[in-house]
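The following exercises ask the reader to examine salt bridges, a helix pair and two individual residues. Each task is followed by a solution in steps.

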Amino acid sequence: MVVTSIGLDEAHQIYEVRGVVEALAVRGFAAVATDADLRELRAVLCELEEAERTVSAGQELLEIKKRFYDVLLDGCGNEVVRQTIGQLNNRISFLRSVSLSRPGRLSGTVREIRDIVEALERRDANAAHEATLRHVESASKNALETLREHLTETNETVMPQTHELGRNN
């Protein structure tokens, strides 16, 4: 187990990069994904919708979100996008857990992911791009507010993050 830390500036920068790279991923997915990829993406959305009704938060939600991004990145046709997200994955996963911990965020996430999937099902790259940017902006706002609150309460400048070596959390 490794303990690292993340501050507000770094979190903001990660979300900036994440927005640009995920927007590229959805554009590629809209252009080259197969019908089977679209069905798989819809199936993961259905899992997320079910989890919204039955699970309050936690590892199960993070695993469903990871599957969503695995399908998206597998179907986008851009290995550099996949590698870039892979390099940021531990930090993104940590920030995703922070964002999803805010009350009401899960329902917003499900709605945003639904908008992305529906745009992709129409093969509307522009709408998917815009929906992705809205989703990342909302996630960023929630995570940064949560980090700011934590740092204010604890008088710290960074929030500790733990992860296991060799795992994509």
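## Exercise 1: A salt bridge between two helices

Arg42 and Glu121 form a salt bridge, with 2.7 Å between the closest N and O atoms. The pair joins distant parts of the chain, since Arg42 lies in helix H2 (residues 35-54) and Glu121 in helix H5 (residues 105-121), 79 residues apart. The model is a predicted one.

Task. Determine whether Arg42 is buried, partly exposed or exposed, and do likewise for Glu121.

Solution.

Step 1. Recall the cut-offs: a residue is buried under 20% relative accessible area, exposed over 50%, and partly exposed in between.

Step 2. Arg42 has a relative accessible area of 25%, so Arg42 is partly exposed.

Step 3. The relative accessibility of Glu121 is 33%, and Glu121 therefore counts as partly exposed.

## Exercise 2: Two further salt bridges

Task. State how many salt bridges the structure holds. Then describe where the partners Glu47 and Arg67 are located, and explain how Glu22 and Arg18 are placed in their helix.

Solution.

Step 1. The structure holds nine salt bridges.

Step 2. One of these joins Glu47 to Arg67, whose closest N and O atoms are 2.2 Å apart. This pair also links distant parts of the chain: Glu47 belongs to helix H2 and Arg67 to helix H3 (residues 59-75), with their positions 20 residues apart in the numbering. Glu47 has 32% relative accessibility and so counts as partly exposed. Arg67, at 32% relative accessibility, is likewise classed as partly exposed.

Step 3. Another salt bridge connects Glu22 with Arg18, the closest N and O atoms being 2.6 Å apart. Because the two residues are four residues apart in helix H1 (residues 8-32), about one helical turn separates Glu22 from Arg18. Both Glu22 and Arg18 are buried.

## Exercise 3: The packing of H3 and H4

Task. Are H3 and H4 roughly parallel or roughly antiparallel to each other? Describe the residues that form their contact.

Solution.

Step 1. The axes of H3 and helix H4 (residues 79-100) come within 11 Å and cross at roughly 155°.

Step 2. An angle over 145 degrees counts as roughly antiparallel. H3 and H4 are therefore roughly antiparallel to each other.

Step 3. The crossing of H3 and H4 is right-handed. On the H3 side, the contact residues are Leu62, Lys65, Tyr69, Asp70, Leu73 and Asp74; on the H4 side, they are Val81, Arg82, Ile85, Arg96, Ser97 and Leu100.

Step 4. Sorted by character, the residues of the contact of H3 with H4 comprise six nonpolar, one polar and five charged.

## Exercise 4: Two residues and their surroundings

Task. Is Ile113 buried or exposed? Which residues does Ile113 touch, not counting residues up to four places away in sequence? Treat His129 in the corresponding way.

Solution.

Step 1. Ile113 is found in helix H5. Its relative accessible area is 0%, so Ile113 is buried.

Step 2. Not counting residues up to four places away in sequence, Ile113 touches Leu45, Leu48, Lys65, Phe68, Tyr69 and His135. Leu48 lies 65 residues from Ile113 along the chain, and 9.0 Å separates the C-alpha atoms of the two.

Step 3. His129 is part of helix H6 (residues 125-154). With 17% relative accessibility, His129 counts as buried because the cut-off is under 20%.

Step 4. Leaving aside neighbours within four places in sequence, His129 is in contact with Ala23, Val26 and Arg27.

Definitions and conventions
Residues numbered from 1 in each chain as written. Predicted model: local features only at pLDDT ≥ 70, side-chain atom pairs only at ≥ 80, totals over all residues. Heavy atoms only, no water. Salt bridge = Lys/Arg side-chain N within 4 Å of Asp/Glu carboxyl O. Buried < 20%, exposed > 50% of the residue type's maximum accessible area, 1.4 Å probe, protein only. Axes fitted to C-alpha atoms, helices over the stretch in contact; angles between N-to-C directions. Parallel < 35°, antiparallel > 145°, perpendicular 65-115°, else oblique. Left-handed = near helix turned anticlockwise from the far one by under 90°. Contact = heavy atoms within 4.5 Å. Nonpolar A, V, L, I, M, F, W, Y, C, P; charged D, E, K, R; others polar.
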